[in-house]
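Here are some worked exercises to try with the model open on your screen. Take each task in turn, have a go yourself, and then follow the solution.

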Amino acid sequence: MRIVHYINQFFAGVGGEDAAGTPPSRTDGAVGPGRRLATLLGDDHEVVATVSCGDDHATSAAGAIDEIVSLIRAEQPDLVVAGPAFTSGRYGLACARVAAALVAEGVPAVAAMHDENPGVEEAGAAVVVRSGAVAREMGPSIDRLAAAVARLLAGETVGEADGRIGKVPRRNVLVEKPAAERAVDLVLARLGGDRSATEVPLPRFDPVTPAAPVDDLSKTMVALVTEGALVPDENPDRLESARATKWLRYRIQDRDSLPAGEFRSVHGGFSTVWANEDPHRIVPLDVARELEREGLIGGLHDEYLVTVGNGTSVADARRFGVEWAADLRRSGARAAILTAT
Amino acid sequence: MRLSENDEVGAGNWGRRGRPLTRLVHEVTALCLGEETAYREGRLTVSAPEAAAIVAAPALAEVRVSCASPGEPVRIVKLLDAVEPRTKGRGGAGIFPGILSPRRPTRGPETHVLRGAAVVAAGFLPRAQEAVVDMSGPAAPLSPLGATHNVVVEFTPAPGADWEDVDTALRQGIIALAARLAEAALEAPADAVETLPGVGEQADDGLPRVGVLTNLQTQGKFKQPFVYGRSFTDSFTTLIDPNDLDDGAVVSGQFGHPGLKNSTLLYQNHPIVEAMRRRHGSELRFAGVVLSPEPVDQAAKEFMSAHAARVCALAGWDAAVVTKEGGGNADADMSLAMDALEEMGVPAVGLFAEMAGRDGTGPSIVVPPMRATAMVSTGNYDERLVLPAVERALGAERIDLVDQAATDEIEIPMAAVYCSLSPLGWGRSTCREAA
């Protein structure tokens with residue numbers, strides 16, 4: 001069977017962070033971690049090509065995933081392997097998006113990464129196999145990945161025991177008993193004391209541990225962030241009104257207020273009349289500046305961060321949160337006021 | 001329409017029990033149009049001019065009647081409602097109270113049922129989402145109408161007619177037609193005699209008392225069922241004799257969410273009620289049916305769900321199955337009621353359709369219960385299926401959803417197949433993890 005392997009610039013030997021902007025390219029045969037993969041898969045299967053891309057390019061350049069997918073598609077693979085990406089966020093997202101796009105086209109694809117990689121949530125219907133947390137664990141990670149790939153190529157399924165993580169697609173099937181009979185079976189099971197029987201797995205709620213309280217607010221830089229879709233009046237960056245795929249930042253460094261007419265909310269989930277009459281109802285810059293002058297807070301972050309929280313997928317919302325936290329941490333903000341609508 | 005107020009037939013004294021009912025079942029195995037409406041040895045013949053005259057109303061300029069039977073290369077689109085032909089005697093004799101017969105609890109111990117047949121209305125109405133049924137191919141087993149001999153009523157509204165009048169005329173028309181067709185079997189020997197117990201009997205048999213809480217969609221015009229002929233919008237939770245469901249006490253006027261619709265035919269044959277009747281006396285004691293509205297705002301949802309749960313508990317239920325009509329909005333009413341029941345120590349099971357996205361990886365339930373855990377899956381709303389081309393289409397010439405001719409090969413979501421995700425539990429679809 002023909003296999004194509006996707007890896008990032010680092011594992012392709014192009015370079016580290018300095019080469020993260022490298023565009024996609026293809027090489028004959030196996031490269032880097034793909035060599036061990038090829039060895040483990042044996043003579044029945046061949047890694048015919050390796051496609052690689054810089055992590056920044058893959059995750060932020062428009063059309064990058066399409067470019068990568070078309071390079072892979074040209075090889076007419078029977079199966080595509082991406083990673084392992086360990087806990088590397090951008091690499092994991094790239095592996096996940098490439099695998100998800102291929103599976104949506106009907107090409108089987110497997111990505112490998114650590115459980116906590118944000119890519120796990122973005123792999124669509126592709127199979128995700130657990131890897132270690134760091135590249136030091138490449139050996140056992142490739143072993144597990146190769147075993148899962150071998151099972152899939154043999155037409156077998158890959159389950160939890162094989163290291164499968166992430167979402168498993170749910171497909172419609174016809175069963176013998178009508179739903180009404182199954183409901184009565186289930187109610188009798190419940191009466192019999194079975195509290196776990198169900199046909200729909202209970203949703204996983206992510207418990208969030210609150211951060212520790214701020215020690216001294218008068219020495220802390222505070223950021224204003226919102227899902228209320230407040231943008232400059234022309235909406236220059238085309239923030240969506242629903243199902244956001246991105247977040248934006250706007251400078252407030254030189255401002256004491258956000259006047260009506262200059263800013264407006266493009267949120268599609270509520271009537272924005274009152275928000276647009278006074279944009280501070282969404283982003284309270286006026287009051288925040290007063291607090292700054294009074295010395296109650298140590299300072300106000302130069303930008304406010306904004307997206308729209310309306311029908312946003314949980315995966316996108318989680319990604320925005322991760323990116324916001326990293327961004328604020330880098331910029332020195334140590335507390336944030338998130339206004340929600 | 002005739003029903004004598006003095007008709008005491010079957011109005012026996014059943015004391016504190018519910019009304020017992022016997023179904024005289026006539027199996028329909030063939031359907032055709034012919035000179036005279038008749039039923040003989042499984043063959044139902046329909047006089048198209050007579051049928052059209054029964055449905056005719058000032059709001060309808062034209063009514064057309066045709067047939068669609070299982071296995072035929074036929075598709076019905078823009079399907080609105082389906083009714084099983086039933087009657088209690090000439091002129092209906094109490095069947096469909098509040099619509100065909102006077103509004104009062106139905107009486108008379110026997111109901112004639114043309115099982116395997118349906119009267120179906122198809123065409124455009126405002127707020128109606130397009131429903132599709134194929135009489136053959138992969139979608140046929142997904143809809144109750146894929147296996148019935150269907151008398152299909154198409155219509156042209158009268159110029160300038162109010163859409164509400166068109167809706168009312170269709171509802172009254174197909175119900176009157178369904179009763180008239182069943183009348184053709186009044187003298188025929190029954191293929192099966194099914195005696196339904198009355199509910200409410202107290203018995204010290206140690207069996208758990210189990211009932212079904214059925215939420216009805218109540219979102220106003222074109223999105224509301226009728227109970228004893230009256231819109232259930234703005235109504236309160238009520239207990240109802242399940243045998244009245246058999247006699248057409250609940251009629252659909254809800255045309256949203258095709259896959260998640262509860263048609264009149266399914267209220268007449270409420271699948272959970274049927275399942276509980278089958279286990280009555282052996283595994284459980286069937287404790288009855290509670291109907292409850294699905295209000296549109298959160299505070300009303302919370303109140304009505306808690307109230308419905310209390311009605312079930314006050315009726316002495318040990319456990320409940322909870323059903324809904326509609327999409328994610330209706331999940332909230334069901335989840336709130338399930339949680340309220342569990343809080344009172346009444347185990348609750350809900351029937352949910354999953355809304356897990358095309359690839360089946362999204363979160364399945366829009367508003368899952370917080371306390372209750374037992375859910376039946378009637379399938380993924382979003383998964384797509386390809387229906388092969390057919391030779392003949394009824395209801396409309398085009399399917400707007402895909403902007404194609406109604407006879408074309410089409411790719412549609414499960415959500416568009418009529419009753420395919422039946423919240424009343426008719427179907428055999430469910431979701432499994434694709435490992």
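## Exercise 1: Enclosed space

Task: In this predicted model, find which residues line the largest cavity, and work out which helix gives the most to that lining.

Solution. Start with the residues themselves: L80(B), D81(B), A121(B), L125(B), D167(B), L170(B), R171(B), I174(B), S252(B) and F255(B) form the lining of the largest cavity. Next, look at the elements they come from. Both β7 (79-83) and α2 (163-183) of chain B supply at least two residues each, and α2(B) gives the most, with four. Sorted by class, the lining has six nonpolar, one polar and three charged residues. The space inside comes to about 60 Å³. To finish, place this cavity in its setting: the structure holds four cavities of 30 Å³ or more.

## Exercise 2: An open pocket

Task: For the second largest pocket, determine how much space it holds, which residues lie nearest its centre and which helices supply its lining.

Solution. Begin with the volume, which is about 510 Å³. Then turn to the lining, made up of 21 residues; R115(B), L266(B), N269(B), E274(B) and W426(B) are the ones nearest the centre. Now check the chains. Chain A contributes through α6 (179-191), and chain B through α4 (264-268) and α5 (271-279), each of these helices supplying at least two lining residues. The largest share, four residues, belongs to α5(B). Last comes the chemistry: ten lining residues are nonpolar, four are polar and seven are charged.

## Exercise 3: Two helices in chain A

Task: Describe how α3(A) and α4(A) pack, using their angle, their handedness and the residues that meet.

Solution. Two packed helices are described by the angle between their axes and the distance between the axes. Here the axes of α3 (residues 64-73) and α4 (residues 89-104) of chain A come within 10 Å and cross at roughly 60°. The two helices are therefore oblique to each other. As for handedness, α3(A) passes α4(A) in a right-handed crossing. At the contact, I65(A), I68(A), V69(A) and I72(A) of α3(A) meet A94(A), R97(A), V98(A), A101(A) and L102(A) of α4(A). Eight of the contact residues are nonpolar, none is polar and one is charged.

## Exercise 4: Two helices in chain B

Task: Repeat the analysis for α6(B) and α7(B), starting from the crossing angle.

Solution. First, the geometry: α6 (residues 298-314) and α7 (residues 328-343) of chain B have axes that come within 8 Å and cross at roughly 45°. That angle makes α6(B) and α7(B) oblique to each other. The crossing is right-handed. On the α6(B) side, the contact uses Q298(B), K301(B), E302(B), S305(B), A306(B), A309(B) and C312(B); on the α7(B) side, N329(B), A332(B), D333(B), L336(B), A337(B), A340(B) and L341(B). By class, this contact has eight nonpolar, three polar and three charged residues.

## Exercise 5: Backbone details

Task: What is the phi of Q76(A), and is the peptide bond from G83(A) to P84(A) cis or trans?

Solution. Keep the usual pattern in mind: most residues other than glycine have a negative phi, and most peptide bonds are trans. Q76(A) has a positive phi of about 45°, although it is not a glycine. You will find Q76(A) in the loop between α3 and β4 of chain A. The bond from G83(A) to P84(A) is cis, with omega near 10°. P84(A) sits in the loop between β4 (79-82) and α4 of chain A.

Methods:
Residues numbered from 1 in each chain as written. Chains lettered and ligands numbered in written order. Predicted model: local features only at pLDDT ≥ 70, side-chain atom pairs only at ≥ 80, totals over all residues. Heavy atoms only, no water. 1 Å grid on protein atoms, 1.4 Å probe; cavity = no way out; pocket = protein on both sides within 12 Å on 5 of 7 lines; lining within 4 Å. Points joined across faces, edges and corners; volume = space filled by probe spheres on them. Nonpolar A, V, L, I, M, F, W, Y, C, P; charged D, E, K, R; others polar. Axes fitted to C-alpha atoms, helices over the stretch in contact; angles between N-to-C directions. Parallel < 35°, antiparallel > 145°, perpendicular 65-115°, else oblique. Left-handed = near helix turned anticlockwise from the far one by under 90°. Contact = heavy atoms within 4.5 Å.
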